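User: Please take a close look at one metal site in this model and explain each step for a beginner.
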Amino acid sequence: MKLLRYSCWLSLYIFSTGVLHSQTSVEGKANELRTALKPYFVSVSRDDSFIKKNIAKINLGRKLFYDKKLSLGKGVSCNSCHDLQKYGTNGDYYLQQKAKGQFYRDVPTVYNSVSFELFNVDGSLSNFKNKIREAFLRTHEMEVQNEALVIQELKKTPEYLKMFREAFFKKSTSITFDVVIDALEAFLSQLKTPAPIDAFMEGNNTVLSNAQIQGGELFVSKACYSCHTGSSFGGQMINKLGVEVPWPNQKDMGYYHIKRKSSNKMFFRVAPLRNVAKTAPYFHDALAMRLDKAIKLMGIHERGIQLKVVEVAKIKEFLKSFTGEIPQDYIKEN
Ligand code: HEC
Ligand code: HEC
């Protein structure tokens with residue numbers, strides 16, 4: 001991880017000193033931006049052959065995702081918080097709960113989450129399956145606490161028995177928690193939202209506007225890209241929130257709750273930024289309701305700089321190129 005950081009700074013240095021001035025055309029600037037982003041960029045795409053091969057499993061996973069009966073109070077499903085029509089999160093629900101005084105971290109999206117290295121806003125887990133398991137069991141998600149209760153509920157529904165048989169029974173003889181997790185994993189793994197930035201990185205210069213390309217240059221030269229890297233511009237590592245100026249709200253100390261070492265205080269996962277223009281509010285504590293404010297705060301707290309209004313606006317335009325389309329057919333409730 002350290003190595004990654006160093007080489008990233010090196011490429012930033014090269015980017016911000018030399019090459020930029022040598023080519024001035026829009027085309028040239030687009031190519032320079034692509035070169036600067038390339039070392040850490042990973043595109044996302046849906047795997048149609050995987051979907052075709054695993055369709056029974058995926059259909060089952062989708063049904064489980066929308067099923068409220070699988071939560072403790074039978075009042076919420078995965079989709080209540082990770083609303084697939086709202087880019088896999090649910091700001092309204094989160095704000096309602098927060099207003100009631102409940103300790104709820106802002107809900108991160110499930111879109112593209114299969115490719116994150118770390119899960120949860122504090123990066124407490126590094127295994128996707130374990131995260132799905134935890135989603136059933138823990139407070140603030142499905143809250144069932146006991147795996148057996150999920151299985152008991154599923155066995156009451158003949159349609160589930162049929163679907164599990166189609167998806168798994170060739171290998172397994174009964175409904176187990178493991179196969180429930182498998183089915184959800186298969187469904188979640190193809191919740192991907194390819195975006196203009198992917199087309200741009202494949203060589204198409206016309207998908208980004210001029211302002212977006214300038215915003216991209218700022219994203220690199222202001223070193224946002226030193227933390228926000230990888231397939232989702234984040235989700236890869238934890239870092240201190242408030243490296244330069246302490247974060248105003250120190251109620252939730254992030255990774256410190258997992259490992260109580262004082263050097264872990266205020267460490268949070270670098271938030272993934274795909275679809276970020278659609279997933280307000282921002283930060284684990286929803287300190288920013290708007291994307292402009294989130295960008296401004298990042299300048300102050302992570303970089304120790306006051307970004308100009310016009311710089312914030314351009315970075316925001318660039319971040320909009322991370323917005324993909326919701327795969328309506330794929331997420332349709334069956
Ligand atoms: C009541 C709201 C709620 C429900 C219901 C819920 N989640 Fe979550 N989910 C959250 C919150 C809040 C987090 C972040 C927790 C944290 O950071 O400590 C989260 C995190 C996640 C993550 C990690 C995403 C990331 O970016 O790291 C995944 C994946 C996930 N949930 C899947 C599910 C699945 C699958 C279900 C249903 C079985 C589910 N969730 C049900 C609120 C919910
Ligand atoms: C030192 C590492 C670091 C740098 C540099 C950095 N960020 Fe962040 N960023 C983070 C962390 C950590 C979070 C998650 C904080 C949280 O969950 O409360 C985050 C969150 C965000 C969010 C909120 C996403 C969401 O869904 O809540 C945005 C937007 C963002 N960063 C943009 C930027 C921009 C733009 C820059 C450059 C000006 C930047 N960041 C620089 C570490 C960094």
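Which arrangement do the six donor atoms around the iron atom of ligand 2 form, and why is it given that name?

Analyst: This is a predicted model, in which local features need pLDDT of at least 70 and side-chain atom pairs count only at pLDDT 80 or more, while totals for chains, interfaces and linings use all residues. Residues are numbered from 1 along each chain as its sequence is written, chains are lettered from A and ligands numbered from 1 in the order in which they are written, and side-chain values use heavy atoms, with hydrogens and water left out.

The arrangement around the iron atom of ligand 2 is octahedral, because its six donor atoms subtend angles of 88 to 180°. Six donors earn that name if opposite ones are over 155 degrees apart and all others between 65 and 115. The protein coordinates this iron through His-228 (NE2) and Met-298 (SD), at 2.1 to 2.3 Å; donors here are N, O and S atoms within 2.8 Å of the metal (3.2 Å for Na, K and Ca). These two residues join distant parts of the chain, 70 residues apart: His-228 belongs to the loop between helix 13 (224–227) and strand 1 (238–240), whereas Met-298 is in helix 14 (residues 291–303). Helices (H or I, at least four residues) and strands (E, at least two) are DSSP runs, numbered from the N terminus.

Around ligand 2 there are 21 residues, and Cys-224, Cys-227, His-228, His-284 and Met-298 come nearest; a residue counts as near if one of its heavy atoms lies within 4 Å. Among the residues of this shell, 15 are nonpolar, three polar and three charged, where Ala, Val, Leu, Ile, Met, Phe, Trp, Tyr, Cys and Pro count as nonpolar, Asp, Glu, Lys and Arg as charged, and the others, Gly among them, as polar.

Several polar contacts, which are pairs of N or O atoms within 3.5 Å, can be followed one by one. A side-chain N or O atom of His-228 is 2.9 Å from a nitrogen atom of ligand 2. The side chain of His-284 brings an N or O atom to 2.6 Å from an oxygen atom of the ligand, while Phe-283 uses a backbone N or O atom, 2.7 Å from an oxygen atom of ligand 2. Helix 13, strand 2 (267–269) and helix 14 are the elements that give two or more residues to the shell, and helix 14 gives the most, with five.

The loop between strand 2 and helix 14 contains Pro-281, which is joined to Ala-280 by a cis peptide bond with omega of about -5°. Most peptide bonds are trans.

The site of ligand 1 can be read in the same way. Its iron atom has His-82 (NE2) and Glu-141 (OE) as protein donors, lying 2.1 Å from it. This pair, too, links distant parts of the chain, with His-82 in the loop between helix 5 (78–81) and helix 6 (91–99) and Glu-141 in the loop between helix 7 (128–137) and helix 8 (147–155), 59 residues apart. The six donor atoms around the iron atom of ligand 1 subtend angles of 88 to 179°, which makes this arrangement octahedral as well. Glu-141 also has a polar side-chain atom 2.8 Å from a nitrogen atom of ligand 1, and Arg-105 places a polar side-chain atom 2.9 Å from an oxygen atom of ligand 1.

Technical notes. A polar contact is a pair of N or O atoms within 3.5 Å; within protein, one must be able to donate a hydrogen and the other to accept it, and residues adjacent in sequence count only if both atoms are side-chain atoms. Four donors count as tetrahedral if all angles lie between 85 and 135 degrees; four count as square planar and six as octahedral if opposite donors are over 155 degrees apart and all others between 65 and 115; anything else is irregular.
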